[in-house]
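Visitor: I'm new to this one and would like a close look at a single part. Could you pick a spot where two helices meet and walk me through it, along with whatever follows it in the chain?

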Amino acid sequence: MLFTVLTGLITSSLLVPFGKFIKTKWSILLPFIPVILFLFYLWHVPVVANGTNIVQHLAWVPSLGINFDFRLDGLSLLFALLITGIGTGIFFYGRSYLKGHVYFDRFFAYLLLFMSAMLGVVLSNNILTLFIFWELTSISSFFLIGFNNDSKASRNSALMALSITGMGGFFLLAGLILTGNIAGTFVISELFAHHDQLIAHPLYPLIVGLICIGAFTKSAQFPFHFWLPGAMKAPTPVSAYLHSATMVKAGVYLLARFTPILGNTELWGITLMIVGGFTMIFAAVHSLFRTDLKGILAYSTVSALGILTFLLGVGTKDAIVAVSVFILVHALYKATLFMVTGIIDHETHTRDITKLKGLRKVMMPVFIASLLAALSSAGVPATFGFIGKDLIYEATLNFKENWAIWLTALAVLTNIGLVTAGFRAGIKPFAGKLPEEFRHVRLPYKSMWIPPMILAVLGILFGLFPGVVGAYFNHQTANAIAGGETDMHLQLWHGFNIVLTLSVATLAAGIALYFANNPTEEKLLALERFNVISSQHIFRRIGNGIEKVASWYTNTIHNGYLRSYHLKIILFAELLLGYKLWLGGPVRIDYANLTPLSWYEFGIAAILLGAMYLIVSTKSRLTAVVSTSVIGYCICLMFVFYSAPDLAMTQFTIDTLTTVLFVLVLYKLPPFINFTSRGVPIRDAIVALGFGVIISLIALRVLYEPNSTAISDFYGENAYLLAKGKNVVNVILVDFRGMDTMFETVVLSIAALGVYSLLKLRLKSSEKE
Amino acid sequence: MKSAILQTATRYLLPILLLFSFFLLLRGHYYPGGGFVGGLVASIAFVLHSFANGTENTMKILRYKPLSLIPIGLATSAVSVTFPLLFGLPPMTGLWFEEPIPVIGMIGSALFFDIGVYLVVIGVVLTILFTIALND
């Protein structure tokens, strides 16, 4: 399985050097990558359908418990088939859709990266590896949403999607780490055994919260739903692939994967039911007001994801069977509808359903595909969607007595909205009379309409032979989510019962709504007025607030004046050190313990004071710098008196070079003019004196500390024995702490490179703006 | 700053100071000195020369950009750190010749490490100073 993940990653990076090559007719090679992967997973279907799990283990960072553990069970297989199968269609479709585009190679590099990452998410048997792939999908999605990088709206949407899913990723990581630490393992298949331990742990509510936020942000659940409609700025193949069929389902996948680990509790069920239930009805209503084809599909996708979350929350065996089927149902019809939308947009250059009419006359095969998908989405009998909807109703009806009626009502209302949305996106553009402006519209390349056609036909075929599909694809999926045996009983005909009545009622109501109400610009604008209280608006305001705080911080604290930095750093050090000293009580000075001062020490003190007076009083920068180096040399002399020749030598040379450096820089400055007010030097004097006093006090206090010589004794004794050196200082530098020295030289080199590149960098006048 | 005295003096001071810096480098393991101080003294020698004769002339003596000394130095240190790996020893293990070499004294991996530091220090100091001096 590792190779299926790596193939895409490697090909993706190969597209960097071979981009030009792949833009030619050889681009036909690209779709065969998902084809091969799809066949590989299809070949595994019979094995997995028997209930066998295929496991692969590859050590990566074993010391941290991060390994390439892959595991193929029913749930993983269903997703892997969707990813590679729909991926195949999208690759053929996208090749024609973006024919001749400047960034054709880049597009497929991102798409391949995404496909690999998504396969990694669903195949990982290790929650940390899962997380890494999870973030990779967010990143590839960011690049694909912002693919039209010259459009500001695209860039904003990409950033919005990345911030929401990235934020969710943080929460998810925290949740995963907590889970792993409590259970003592990061391997998913081992976590199943820790279910009882996890739900009994006091941190359980926190874990559920964190993991749910991760999943809800990814799967666009309320209140994080708004990034998904924004993500429709991406080219349509991307919307079809990432933002309806696969990536947004990663959140649902995660919840499904964690159901046997964290589920079967009231907290888990009620959280998912409330969030999913609200999202599905909220988005279904929203989709009715959209006039943009992609907008309709985006909101109906959010609604469908809500249904899946909601069903996972319901959590009964019936509900889980419904989840396993509805994932497939939705992927088939929604990818088709998106691809059809892409064709319409590509050929007519508009997606406004108030303008689109009668296109069936010019693109009949597209209409057939679209119609079949719309019928499946509406749940017309003999389609796969019909079976999916039946199972949803069955799940809600069989829930606890007094809840069943409300849940069913909610599901029916949502589905009415989805029926209407499906018809509007799938049938409306093709119905009616063909306007004059669309007469020239032609049928696109075969590679663009055949993939949606295949998916749409599958939606019908699966509906006709539900028993086979259920046995091979959905049964083990449901078992994997439920963590036990489920009853998979997909049938074309259930007989006349309440479920069928509800199904027909939904269909009738949806069709009635389709004819009764037409979305217009005015209604959309009326809805926009409520945006002030929408979560999107609130998130944007939070973003603006953060920006304001950051700019305030940058301007006041981080203002770019070296003197201001110095003042703040020293003041802060004074506060910390002063506080610590104050805690330690009064400092006593034991004069008897100090060595008597000699006459040359007095001499040096006099020179020091003189130099200091010069620095403060002089009006010449050069005098000040030279006086500073006089102080440095005096300190060197101190080192010499107290027998530290190494230190003295280094200090001496460094002081010399610093002075040279100062002179070189000061030489280029204009003459010194004093702009500061009288108060500033006084303030600086107080800070400086305070720092001096504190350092002196610390030095005096050190005399009272118990004198531990264990470390210096060790170095003294072992320098020659272990490192064959007699100069302990040097031995420490080049041997005992050699690694430190090594990295210090690296730091020095970086500093030099920094100075070099800053001063040598000459922007061309065109680049300066 | 054109001074005949300084120019004449640096002509002799440059080789002497360089020799002294190398002396400091070699004796570092036994007496005060070492790669860091040695490198600083060598840089001071070149800085003095550039003060007397102009930075352009010093660059001519150096032939190569001081920047190129940095990777050479880093590589020398890195090799001396990883060299023991070839013998199956952990990195940074001190390896020494059995007998001292005349004039130079004991030679071991620590010396090469110090030579690396020496070269990096010269490279860093001269890069920073000369870049600023030549920048206008």
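Guide: Let's start with a crossing: helix 10 of chain A passes helix 14 of chain A, and the crossing is right-handed. Keep in mind that this is a predicted model. Two packed helices are described by the angle between their axes and the distance between the axes. Here helix 10 covers residues 204-218 of chain A and helix 14 covers residues 266-287 of chain A; they pack at an angle of about 30°, and their axes are 11 Å apart. An angle under 35 degrees counts as roughly parallel, so helix 10 of chain A and helix 14 of chain A are roughly parallel to each other.

Who does the touching? On the side of helix 10 of chain A, you'll find A:P205, A:V208, A:C212 and A:F216. Facing them from helix 14 of chain A are A:L267, A:W268, A:T271 and A:V275. Sort the residues of this contact by class and you get 7 nonpolar, 1 polar and no charged.

Now carry on along the chain, into the loop between helix 10 and helix 11 of chain A, where A:A220 is found. Most residues other than glycine have a negative phi, and most peptide bonds are trans. A:A220 goes the other way: its phi is near 55°, a positive value in a residue that isn't glycine. Is A:A220 buried or exposed? The cut-off for buried is 20 or more other C-beta atoms within 10 Å; A:A220 has 27, so it is buried.

The loop between helix 10 and helix 11 (227-230) of chain A also holds A:P223. Look at the bond just before that proline: A:F222 and A:P223 are joined by a cis peptide bond, with omega about 0°.

For something to set beside A:A220, hop over to A:A382, in the loop between helix 17 (364-378) and helix 18 (384-397) of chain A. A:A382 also has a positive phi, near 75°, and isn't a glycine either. Its surroundings are another matter: A:A382 has 14 C-beta neighbours inside 10 Å, so it counts as partly exposed.

One last stop, where the chains meet. The contact takes in 36 residues from chain A and 39 residues from chain B. On the chain B side, helix 2 (35-53), helix 4 (69-82) and helix 5 (109-134) each give two or more residues, and helix 5 of chain B has the largest share, with 14 residues. By class, that side of chain B has 26 nonpolar, 12 polar and 1 charged residues.

Terms used: Residues are numbered from 1 along each chain as its sequence is written. Chains are lettered from A and ligands numbered from 1 in the order in which they are written. This is a predicted model: local features need pLDDT of at least 70, side-chain atom pairs count only at pLDDT 80 or more; totals for chains, interfaces and linings use all residues. Two residues are in contact if their C-beta atoms, placed from the backbone, lie within 7 Å. Helices (H or I, at least four residues) and strands (E, at least two) are DSSP runs, numbered from the N terminus. Ala, Val, Leu, Ile, Met, Phe, Trp, Tyr, Cys and Pro count as nonpolar, Asp, Glu, Lys and Arg as charged, and the others, Gly among them, as polar. Axes are lines fitted to C-alpha atoms, for helices over the stretch in contact, and angles run from 0 to 180 degrees between N-to-C directions. Angles under 35 degrees count as roughly parallel, over 145 as roughly antiparallel, 65 to 115 as roughly perpendicular and the rest as oblique. A crossing is left-handed if the near helix is turned anticlockwise from the far one by less than a right angle, and right-handed if clockwise. A residue is buried if 20 or more other C-beta atoms lie within 10 Å of its own, exposed if 12 or fewer, and partly exposed in between; C-beta atoms are placed from the backbone.
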